[in-house]
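Here are a few short exercises to work through with the structure in view. Try each task yourself before you read its solution.

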Amino acid sequence: MKNQRTQKKILYEFIEHDMKVDSELTKSISIERVNRSGPVDRKKNRKIVAKFSFQKESEIVRFHKKNLKGTYFFVRKQFPTEVIEARK
């Protein structure tokens, strides 16, 4: 549980500072859960997967992804493997 709170805090700070979302707007965003995915490898960073409480909130974050241009970070919507394979 403590790890979950820490990951949420990091994500909120990332949204506010790196994605440049207004502080008040960031405080209004409700995140249900945050998970790290992939194997632990000290040479690589792992993906962070977040589930927002409302679609509107995820759209706010996706709208501000343009502020990450030129960095090593990216934001994208997660789809099931079947959908990804069907789109190829």
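**Exercise 1.** Find what share of the 88 residues in the chain is buried.

Solution. Start with the cut-offs: buried means under 20% relative accessible area, exposed over 50%, and partly exposed in between, using a 1.4 Å probe and protein chains only. By that rule, buried residues account for 19% of the 88 residues. Keep in mind that this is a predicted model, where local features need pLDDT of at least 70, side-chain atom pairs count only at pLDDT 80 or more, and totals for chains, interfaces and linings use all residues. Residues are numbered from 1 along each chain as its sequence is written, and side-chain values use heavy atoms, leaving out hydrogens and water.

**Exercise 2.** Describe the order of helices and strands along the chain.

Solution. First, the terms: helices (H or I, at least four residues) and strands (E, at least two) are DSSP runs, numbered from the N terminus. Next, the count is 4 helices and 2 strands. Reading along the sequence then gives α-α-β-β-α-α.

**Exercise 3.** Locate Phe 54 and decide: is Phe 54 buried or exposed?

Solution. Look in the loop between strand S2 (47-52) and helix H3 (55-63), where Phe 54 sits. Its relative accessible area is 54%, so Phe 54 is exposed. Finally, pick out Gln 78, 24 residues away along the chain: the C-alpha atoms of Phe 54 and Gln 78 are 15 Å apart.

**Exercise 4.** Give the spans of the C-alpha trace along its principal axes.

Solution. The trace of the chain spans about 40 × 30 × 30 Å.
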